[in-house]
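Me: Please walk me through this structure and then take a close look at one part of it, the nonpolar core and the residues around it. I would like one connected account that I can follow with the model open beside me.

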Amino acid sequence: MPRIPAAERRAALVQAALRVVATQGVAAATTRAIVAEAGMSLASFHYAFSSRDELMHELISFVVAHEEAAVLPGPYGDASLRDIIRAGLQRYADLLRADPLREQAMLELTQQALRSEGMEQLARLQYDHYYTLAAAALTTAAEHTGTTWILPVEEVARLLVVLTDGLTVSWLVDRDDAAAASVMDFAADALAGLGRQS
């Protein structure tokens, strides 16, 4: 195998882990299964990561970074708070539709972490990333529109994550884009209702 730069090796292993987790579950995502999926040797894994846990942390960061790139782009022009939220949700839904296995893997990772003693912190880390991303998106939207949240932005962010979780699971089950659009409309209306013009 030709020598692969460390960053590329790590990225390839993360993407392989994502595919294994999504299709076979976290328990099946052994280092051997991941390197087989990536077409690498076991030594390649240990060259890139010190442990499977480190890889799983990197997997969470990788997915959240892609979600951030989808939901935070601007400029927003003269869009209202509601329109900015709705557009961000639509970009997230487009990302979900383009790669459903990504979110399926993240749901599987959450459930496995909650079932496995000693892995609970992985689920907390995952949701801390989600809450931070949601708060950043809501803060940006409020600043752009001259809006103040009537609740602490962290509380509004939690509501956004809860609504997005429901959207994700229901779409993965039925793949109903029209129903997802209705959920996004509701979420945008509800969250925008928590903002007041400064």
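**The nonpolar core and its surroundings**

Reply: In this predicted model, residues 24 or more positions apart account for 71% of those contacts in the chain that have a separation of 6 or more. The chain holds 9 helices and 2 strands, and, read from the N terminus, the order of the elements is α-α-α-α-α-α-α-β-α-α-β. The C-alpha trace spans about 55 × 35 × 30 Å along its principal axes, and of the 198 residues in the chain 43% are buried. About 9,800 Å² of the chain is exposed, with 57% of that area supplied by carbon and sulfur atoms.

Before turning to the core, it helps to have the domains in mind. The chain is divided into domain 1, residues 6-64, and domain 2, residues 71-197. Between these two domains there is a contact to which domain 1 gives 14 residues and domain 2 gives 16 residues, while the centres of the domains, taken over C-alpha atoms, are separated by 26 Å.

The largest nonpolar core has 66 residues, and the members that touch the most other members are Leu13, Ile85, Leu109, Leu138 and Trp149. Helix H7, residues 120-145, gives the most to this core, namely 10 residues. The core is also drawn from both parts of the chain, with at least three residues coming from each of domain 1 and domain 2.

Leucine 138 is a good place to enter the core, for this residue is found in helix H7. Leucine 138 counts as buried because its relative accessible area is 1%, where the cut-off for buried is under 20%. If neighbours within four places in sequence are left aside, the contacts of leucine 138 are Ile85, Trp149, Val153, Val156, Ala157 and Leu160. Two of these partners, Ile85 and Trp149, are named with Leu138 among the members of the core that touch the most others.

From there one can step to tryptophan 149, whose contacts, again without the neighbours within four places in sequence, are Leu81, Ile85, Leu138, Thr139, Ala142, Val156, Leu191, Leu194 and Gly195. Ile85 and Val156 therefore appear in the list for leucine 138 as well as in the list for tryptophan 149, with 4.5 Å between heavy atoms as the limit for a contact.

A second leucine of helix H7 looks toward another stretch of the chain. Leucine 133 counts as buried because its relative accessibility is 11%, and, leaving aside neighbours within four places in sequence, leucine 133 is in contact with Val64, Glu67, Glu68, Val71 and Leu72. Glutamate 67 offers a reference point for both leucines: the C-alpha atoms of leucine 133 and glutamate 67, 66 residues apart along the chain, are separated by 8.5 Å, and those of leucine 138 and glutamate 67, 71 residues apart along the chain, by 14 Å.

The arginines can be read alongside this picture. Arginine 86 lies in helix H5, residues 81-98, and counts as buried because its relative accessibility is 14%. Apart from neighbours within four places in sequence, arginine 86 is in contact with Ala181, Met184, Asp185 and Ala188. Arginine 91 also has its place in helix H5, but this residue counts as partly exposed at 25% relative accessibility. Its C-alpha atom is separated by 23 Å from that of leucine 109, although these two residues are 18 residues apart along the chain. Leu109 is itself one of the members of the core that touch the most others.

Two further arginines lie elsewhere in the chain. Arginine 19 belongs to helix H1, residues 6-24, and is partly exposed, with a relative accessible area of 33%; from C-alpha to C-alpha, arginine 19 and alanine 38 are 9.6 Å apart in space, and they are 19 residues apart in sequence. Arginine 175 sits in the loop between helix H8 (153-174) and helix H9 (177-192), and counts as partly exposed at 42% relative accessibility. The phi of arginine 175 is near 55 degrees, a positive value in a residue other than glycine. Most residues other than glycine have a negative phi.

Taken over the whole chain, the mean positions of the 16 positive and 25 negative charges are 6 Å apart.

Conventions
Residues numbered from 1 in each chain as written. Predicted model: local features only at pLDDT ≥ 70, side-chain atom pairs only at ≥ 80, totals over all residues. Heavy atoms only, no water. Helix = DSSP H or I, 4+ residues; strand = E, 2+ residues; numbered from the N terminus. Buried < 20%, exposed > 50% of the residue type's maximum accessible area, 1.4 Å probe, protein only. Areas by Shrake-Rupley, 256 points an atom, 1.4 Å probe, with all protein chains shown as cover. Lys, Arg positive; Asp, Glu negative; His and termini not counted. Charge placed at Lys NZ, Arg CZ, Asp CG, Glu CD. Core = buried A, V, L, I, M, F, W, Y, C linked by side-chain atoms within 4.5 Å. Domains from an automatic or database assignment.
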